[in-house]
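Welcome to this guided tour! Open your viewer, keep the selection tool handy, and follow along stop by stop.

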Amino acid sequence: LRSGANESWKKRGLNIPPGSMGWPLLGETIAFRKLHPCTSLGEYMEDRLQRYGKIYRSNLFGAPTVVSADAELNRFVLMNDGKLFEPSWPKSVADILGKTSMLVLTGEMHRYMKSLSVNFMGIARLRNHFLGDSERYILENLATWKEGVPFPAKEEACKITFNLMVKNILSMNPGEPETERLRILYMSFMKGVIAMPLNFPGTAYRKAIQSRATILKTIEHLMEDRLEKKKAGTDNIGEADLLGFILEQSNLDAEQFGDLLLGLLFGGHETSSTAITLAIYFLEGCPKAVQELREEHLNLVRMKKQRGESKALTWEDYKSMDFAQCVVSETLRLGNIIKFVHRKANTDVQFKGYDIPSGWSVIPVFAAAHLDPTVYDNPQKFDPWRWQTISSSTARIDNYMPFGQGLRNCAGLELAKMEIAVFLHHLVLNFDWELAEPDHPLAYAFPEFEKGLPIKVRKLSILE
Ligand code: HEM
């Protein structure tokens, strides 16, 4: 506990937001982490908001903390990243992601890693690589769905997004033993990111630390292998994957590249597969939206045929999917994939009459604005149509932050939106679906379905 920071504010007469610091050491961390549907803020936060207002103090993850459910403060924090604030992830998360992971890096090195990732996922590469690859992996996956046999949708979504990322990062192909080995290691790594940070033999956290080391070794080998091929003039991949791109464009060492790769796999695989699963779940409860999506996408296919184009989706096709984009926006609003982020004040900060002392943690809770009834009518309702009218209003600009904002905003947001839209296109054209058993998304580190969202599908033949 940063207890110096905790107590000295009283002596300094600062106006700290109201709240309670909970138990010594533990503070209110257990209450804060208590499971609740990801489409709500949960009992703990609703109670605090009612008692103290949108900005309150607490003691979370071992540090005195200002929790913000106030969209203006959230925006202020993110827009002052690198100036008044810096990332402050719990040590256990930082240890597992690596010290050169983008989530924990600051300053010049962060900017450098960010620009590499953003360039790697720029529009040109989305058009020329990611779009075609996503469509291929989505179609290959949908072809394995068996009519009437329940299966967990999350697992299938994960396969799609994992395959897409390892292909584009390391030119590894789905189904090959090396890829499968990496996938299993990665899954163990992922469990540790979410688990309690207990570093004893046999714990998920310890296993994740071990998987991280093995993954880094694998990457080191792949790097050496590629360097040798380049020297011998036998490398025919070039800059088509991230590995080639990094070797050409930067001088990252194996550990830095490893952390970057893990960050992109982590950022780019778990989040977008969760988004796809949430879309399947929300749409299942909203047949009218499925019908409208189906009309939009059937129309798109017919128009392509009329124009004599091939079946493969183009960037222009993707950009014309207006209603699918409303579904994506609404899924991200209501699903709250990243409910909050961790920051720390670098210096004493004043906001709306409150003081945030230097060294205190700040937790901007994005979900609070997404579920605020003064911003979104009937916020608990999945209503993609709301995005047809509010796209340019303040709701979008000030209160909608599924991808964060500012210096540290999501490097893969365009890729994520595209993947989900392309998935929706093929889903509604090929299947009707229903839940095989009741299941709901709960707010763990990410939203998780207890049963992985078991669904049953019926194959459609509207394309024939
Ligand atoms: C629906 C899917 C996604 C959501 C909701 C999401 C959300 C976010 C959020 C909220 C942040 C900001 C974290 C912070 O402020 O500390 C972030 C950062 C990041 N995301 Fe995503 N993300 C998604 C998909 C992706 C994909 C597909 C990739 C890459 C392939 C990716 C890569 C990253 C990276 C590298 C960062 C760190 C950026 C930085 O530190 O400057 N994300 N993401």
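**Stop 1: the ligand.** Before you start, keep in mind that this is a predicted model. Select the ligand and the residues around it: by class, this shell has 15 nonpolar, 9 polar and 2 charged residues. Which residues come nearest to the ligand? Of the 26 in the shell, they are Gly267, Gly268, Gly404, Cys410 and Gly412. Next, colour helix 6 (107-120), helix 12 (254-284) and helix 19 (413-430), the elements that give two or more residues to the shell. Helix 12 gives the most, with 7 residues.

**Stop 2: two domains.** Now zoom out to the protein chain. Give one colour to domain 1, which the domain assignment places at 1-93 + 339-370, and another to domain 2, placed at 100-336 + 371-459. How far apart do the C-alpha centres of domain 1 and domain 2 lie? The answer is 29 Å. Where the domains touch, 27 residues come from domain 1 and 30 residues from domain 2. To explore the domain 1 side, select helix 4 (71-79), strand 3 (85-87), helix 5 (91-97) and helix 16 (366-370), each of which supplies at least two residues there. By class, that side of domain 1 has 15 nonpolar, 8 polar and 4 charged residues.

**Stop 3: a pair of helices.** Two packed helices are described by the angle between their axes and the distance between the axes. Try this with helix 7 (residues 123-142) and helix 8 (residues 153-170): their axes come within 9 Å and cross at roughly 145 degrees. Is the crossing of helix 7 and helix 8 right-handed or left-handed? It is right-handed. Show the side chains to see who meets whom. From helix 7, select His129, Phe130, Asp133, Ser134, Tyr137, Ile138 and Asn141; from helix 8, their partners are Glu156, Lys159, Ile160, Asn163, Leu164, Lys167 and Asn168. By class, this contact has 5 nonpolar, 5 polar and 4 charged residues.

**Stop 4: two loop residues.** Select Phe61, in the loop between strand 1 (55-60) and strand 2 (63-68). Its phi is near 50 degrees, a positive value in a residue other than glycine. Is Phe61 buried or exposed? Phe61 counts as buried because it has 20 C-beta neighbours inside 10 Å, and the cut-off is 20 or more.

Finish at Asn336, in the loop between helix 15 (322-335) and strand 5 (343-345). Asn336 is another residue other than glycine with a positive phi, here near 45 degrees. With 25 other C-beta atoms within 10 Å, Asn336 is buried too.

Note on methods
Residues are numbered from 1 along each chain as its sequence is written. This is a predicted model: local features need pLDDT of at least 70, side-chain atom pairs count only at pLDDT 80 or more; totals for chains, interfaces and linings use all residues. A residue is near a molecule or strand if its C-beta atom, placed from the backbone, lies within 6 Å of it. Helices (H or I, at least four residues) and strands (E, at least two) are DSSP runs, numbered from the N terminus. Ala, Val, Leu, Ile, Met, Phe, Trp, Tyr, Cys and Pro count as nonpolar, Asp, Glu, Lys and Arg as charged, and the others, Gly among them, as polar. Axes are lines fitted to C-alpha atoms, for helices over the stretch in contact, and angles run from 0 to 180 degrees between N-to-C directions. A crossing is left-handed if the near helix is turned anticlockwise from the far one by less than a right angle, and right-handed if clockwise. Two residues are in contact if their C-beta atoms, placed from the backbone, lie within 7 Å. Domain bounds come from an automatic or database domain assignment. A residue is buried if 20 or more other C-beta atoms lie within 10 Å of its own, exposed if 12 or fewer, and partly exposed in between; C-beta atoms are placed from the backbone.
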